[in-house]
Amino acid sequence: MATQIHCSSVSQRRVSATAATSACPSSVAARPQLRRAAQPGRRAAVMVCAQAAPLVEAAPGKTTLGFIGIGIMGLAMTRNLLKAGYQVVVWNRNPDKCGPLAAEGAKVASSPREVAAAANYTFAMLSDPEAALDVANGPDGVAAGMSAGKGYVDVSTVDAATSQAVAAAVRAAGGAFLEAPVSGSKGPAEQGKLIFLTAGDQALFNAVAAPLDAMGKAKFFLGAEGAGANMKLVVNMVMGSMMTAFAEGLALADKVGLRQADVIEVVGLGAIAAPMFALKGPAMAARTYAPAFPLKHQQKDMRLALALGDEAGQPLPLAAAANAQYIAARRQGLGDADFSAVMEAVLGQAAAEAAEAHKGAK
Ligand SMILES: NC(=O)C1=CN([C@@H]2O[C@H](COP(=O)(O)OP(=O)(O)OC[C@H]3O[C@@H](n4cnc5c(N)ncnc54)[C@H](OP(=O)(O)O)[C@@H]3O)[C@@H](O)[C@H]2O)C=CC1
Ligand SMILES: O=CC(=O)O
């Protein structure tokens, strides 16, 4: 897995080995706004903190990891932890989804609490804020299985308030907390090329550096919990708006007699080229939407980003318009399809307007 991190700006400070050894979970005030990961070779073996139990650096063969939420992303991410040689204990609400991982060597637990009790560090990849709160703070949840020296890494896409509520419950039980939402979809998850947007307890960030590297190609430490969640919502708001604009472009091209394949090629050669357009464009032109990133999750991210905009006093009219299209697509029953199925809402709107115009002409 690629683990090398490049600094693109002098204002972005690397986390030094000294910082890694001296940081405590509670020392959030001292953290810079944006930090990239330390070089793996410079990590200290044990992260010592005066106020909390030391967190031991995770390593295959000596660390048991937990993984909760075996959906599209969780399955691929857990596979990479198993491939890297970690012992992994898993739990999923629908236990059938743990079957393939059990066959590959994972142990299956009967509750999130049992996972946290069995593992040194537990990861969770859950659908939304409600699921994240249920799993972490519920009666048989992760916090109930936490104790000093353990850590919880929530990689789900949620809002800052959810992340902060989970962090409080985990810390109250003596554990450390890191939010670590990921940028990158099913393909990057399978290839171990996710981008982790982390925030929270820096000692835990350092302790789980190796498992993060087994699942991803880059990791950012952004400060106190909430910063990772906000970064993820900003990125996904842009992605959701881009996808809607692209769907409108393909629909318009078709209406005026252009080949959608030509549009995809022209876009791909110019300044607005994006891997997402190249990857999703041909399937959108064929109107097929095999789920990599479910549309219901993209709409959840738009909703959470708009709420963040409200809170921050930042108008987001473009994102609001895109969100309306994702809501329309959900109403068309496309929540479980890939988010590129927003194309159907764009086409559906055109069809509805044509029908309305036809009615008016009668
Ligand atoms: N797919 C993608 O490309 C990406 C997704 N994400 C984010 O990752 C998260 C997961 O996405 P993905 O794997 O695609 O989604 P899936 O829908 O495939 O998986 C969702 C997981 O959450 C579990 N879950 C939902 N509600 C609850 C609950 N109340 N209690 C316990 N477990 C629950 C599901 O369990 P069950 O199987 O029982 O339903 C399932 O394991 C989302 O936050 C998404 O926004 C981030 C980057 C990329
Ligand atoms: O959250 C989705 C992604 O592709 O990133």
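**Exercise 1. The two domains**

How many residues of domain 1 are in contact with how many residues of domain 2? Work on the predicted model shown above.

Solution. Start with the division of the chain: domain 1 covers 13-224 and domain 2 covers 232-361. Next, count the contacts between them. On the side of domain 1 there are 11 residues, and they touch 12 residues of domain 2. Sorted by class, the domain 1 side of this contact holds three nonpolar, five polar and three charged residues.

**Exercise 2. The place of ligand 1**

Find where ligand 1 lies relative to domain 1 and domain 2, and describe its shell.

Solution. Step one is to list the neighbours. Ligand 1 is surrounded by 27 residues, and the closest are Gly-71, Arg-93, Ala-131, Ser-185 and Phe-293. Step two is to see which domains these neighbours belong to. Both domain 1 (13-224) and domain 2 (232-361) contribute to the shell, so ligand 1 lies between them. Step three is to look at the helices. At least two shell residues come from each of helix 2 (72-83) and helix 5 (129-137). Helix 5 gives the most, with four residues. Last, the classes: the shell around ligand 1 has 11 nonpolar, 10 polar and six charged residues.

**Exercise 3. The shell of ligand 2**

Which residues are around ligand 2, and how do they divide by class?

Solution. The residues are Thr-157, Ser-183, Gly-184, Ser-185, Asn-236 and Phe-293. Five of them are polar, one is nonpolar and none is charged.

**Exercise 4. Strand 8 and its partners**

Describe how the residues of strand 8 point, and with which strands strand 8 pairs.

Solution. In a regular strand, side chains alternate between the two faces of the sheet. Check this on residues 121-124: Tyr-121 and Phe-123 point one way, Thr-122 and Ala-124 point the other way, and all are buried. Now take the partners in turn. Strand 5 (residues 64-68) runs parallel to strand 8 and is joined to strand 8 by four bridges. Within this pair, Gly-66 has Thr-122 as its bridge partner. Strand 9 (residues 151-154) also pairs with strand 8 in the parallel sense, over four bridges. Here Gly-151 of strand 9 stands opposite Tyr-121.

**Exercise 5. Length and cover of helix 7**

Compare the expected span of helix 7 with the distance between its end C-alpha atoms, then find its buried residues and what covers them.

Solution. Helix 7 (residues 160-172) has 13 residues; at 1.5 Å a residue it should span 18 Å, and its end C-alpha atoms are 18 Å apart, so the two values agree. The buried residues of helix 7 are Ala-160, Thr-162, Ser-163, Val-166, Ala-167, Ala-169, Val-170 and Arg-171. Their cover includes helix 5, helix 6 (142-145) and helix 11 (227-255), together with strand 9, strand 10 (176-179) and strand 12 (194-200). After helix 7 comes Gly-174, with a positive phi near 100°.

**Exercise 6. Arg-287**

Is Arg-287 buried or exposed?

Solution. First locate the residue: Arg-287 is in the loop between helix 13 (275-285) and helix 14 (295-312). Then count its neighbours. A residue counts as exposed if 12 or fewer other C-beta atoms lie within 10 Å of its own. Arg-287 has 11 within 10 Å, so Arg-287 is exposed. Note also its backbone: the phi of Arg-287 is positive, about 55°, although the residue is not a glycine.

Notes
Residues numbered from 1 in each chain as written. Chains lettered and ligands numbered in written order. Predicted model: local features only at pLDDT ≥ 70, side-chain atom pairs only at ≥ 80, totals over all residues. Near = placed C-beta within 6 Å. Nonpolar A, V, L, I, M, F, W, Y, C, P; charged D, E, K, R; others polar. Domains from an automatic or database assignment. Contact = placed C-beta atoms within 7 Å. Buried ≥ 20, exposed ≤ 12 C-beta atoms within 10 Å, placed from the backbone. Pairing = 2+ DSSP bridges. Expected span 1.5 Å × (residues − 1).
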